[in-house]
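Grab your viewer and a cup of coffee. Here are some short exercises to work through with the model open.

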Amino acid sequence: MSLDPAIAARLKRTGDGLVPAVVQQYDTGEVLMLAWMDDEALHRTLTTGRATYWSRSRGSYWVKGDTSGHVQHVRSAALDCDGDTILLKVDQVGAACHTGDRTCFDADLLEVTSG
């Protein structure tokens, strides 16, 4: 089986066939991480309910939590209006970041000057 052709037709991929996926905790709205998906990763995610991504550094698929135990149970998936970003709302078990932090966005806060 492969990704539904109607969904595949809506995707706008990078030159290497990937689409960014923003991952958000379903009940709090907390942004957990950003990962990359191709058609197969999205298909696996939609049909298994487990977040599956394409690792650019390893050149392979990875199911979030298979090695760490920090599983992402997908509650919903959506495309943005342009079809160039996926939003996954998940129930995150444990840390989302490979560093062990809850989110990938809490370590390096940048100062913002209001203007």
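The exercises below go from strand pairing to rings, charges and a surface patch, and the model is a predicted one.

**Exercise 1. Find the strands that pair with S1, and say in which sense each one runs.**

Solution.
- Start with S1 itself, residues 19-25: 6 of its 7 residues are buried, so you're looking at a mostly covered strand.
- Next, look at S2, residues 31-37. S1 and S2 pair in the antiparallel sense, over 6 bridges. To check the register, note that Val-19 stands opposite Met-37 in S2.
- Now try S6, residues 86-92. Here the pairing with S1 is parallel, over 5 bridges, and Val-22 has Leu-87 in S6 as its bridge partner.

**Exercise 2. Which residue in the hairpin of S1 and S2 takes a positive phi?**

Solution.
- Walk through the 5 residues between the two strands.
- Check the phi values in the hairpin: Gly-29 has a positive one, near 85°.

**Exercise 3. Search the whole structure for aromatic pairs and classify their geometry.**

Solution.
- The search turns up 2 pairs.
- Take Tyr-53 and Trp-62: the ring centres are 5.0 Å apart and the planes sit at 50°, so this pair is tilted. An angle counts as tilted when it is neither under 30 degrees nor over 60.
- Then take Trp-54 and Tyr-61, with 4.8 Å centre to centre and 75° between the planes; that pair is edge-to-face.
- Finish with accessibility. Tyr-53 is at 0% relative accessibility, so it counts as buried. Trp-54 is at 23%, so it counts as partly exposed, and Tyr-61, at 29%, is partly exposed too.

**Exercise 4. Which arginines lie over the faces of Tyr-61 and Tyr-26?**

Solution.
- Go back to Tyr-61, the ring that pairs with Trp-54. Over its face lies Arg-44, at 4.2 Å from the ring centre.
- For Tyr-26, the residue to find is Arg-75, which lies over the ring face at 4.0 Å from the centre.

**Exercise 5. What forms the nonpolar surface patch that includes Val-31, and how much accessible area does the patch have?**

Solution.
- Locate Val-31 in strand S2.
- Check its exposure: the relative accessible area is 38%, so Val-31 is partly exposed. That value clears the patch cut-off of over 30%.
- Add the other members, Leu-34 and Phe-105. Together with Val-31 they have about 280 Å² of accessible area.

Key: Residues are numbered from 1 along each chain as its sequence is written. This is a predicted model: local features need pLDDT of at least 70, side-chain atom pairs count only at pLDDT 80 or more; totals for chains, interfaces and linings use all residues. Side-chain values use heavy atoms; hydrogens and water are left out. Buried means under 20% relative accessible area, exposed over 50%, partly exposed in between (1.4 Å probe, protein chains only). Helices (H or I, at least four residues) and strands (E, at least two) are DSSP runs, numbered from the N terminus. Two strands pair if DSSP finds at least two bridges between them. Rings of Phe, Tyr and Trp (its six-membered ring) pair if their centres lie within 6.5 Å; planes under 30 degrees apart count as stacked, over 60 as edge-to-face and the rest as tilted. A charge sits over a ring if NZ of Lys or CZ of Arg is within 6 Å of the ring centre and within 35 degrees of the ring normal. Patches are made of residues with over 30% relative accessible area and no salt bridge: like charges are joined within 9 Å, nonpolar side chains (Val, Leu, Ile, Met, Phe, Trp, Tyr) within 5 Å. Accessible areas come from the Shrake-Rupley method with a 1.4 Å probe; for residues, only the protein chains shown count as cover. A salt bridge is a side-chain nitrogen of Lys or Arg within 4 Å of a carboxyl oxygen of Asp or Glu.
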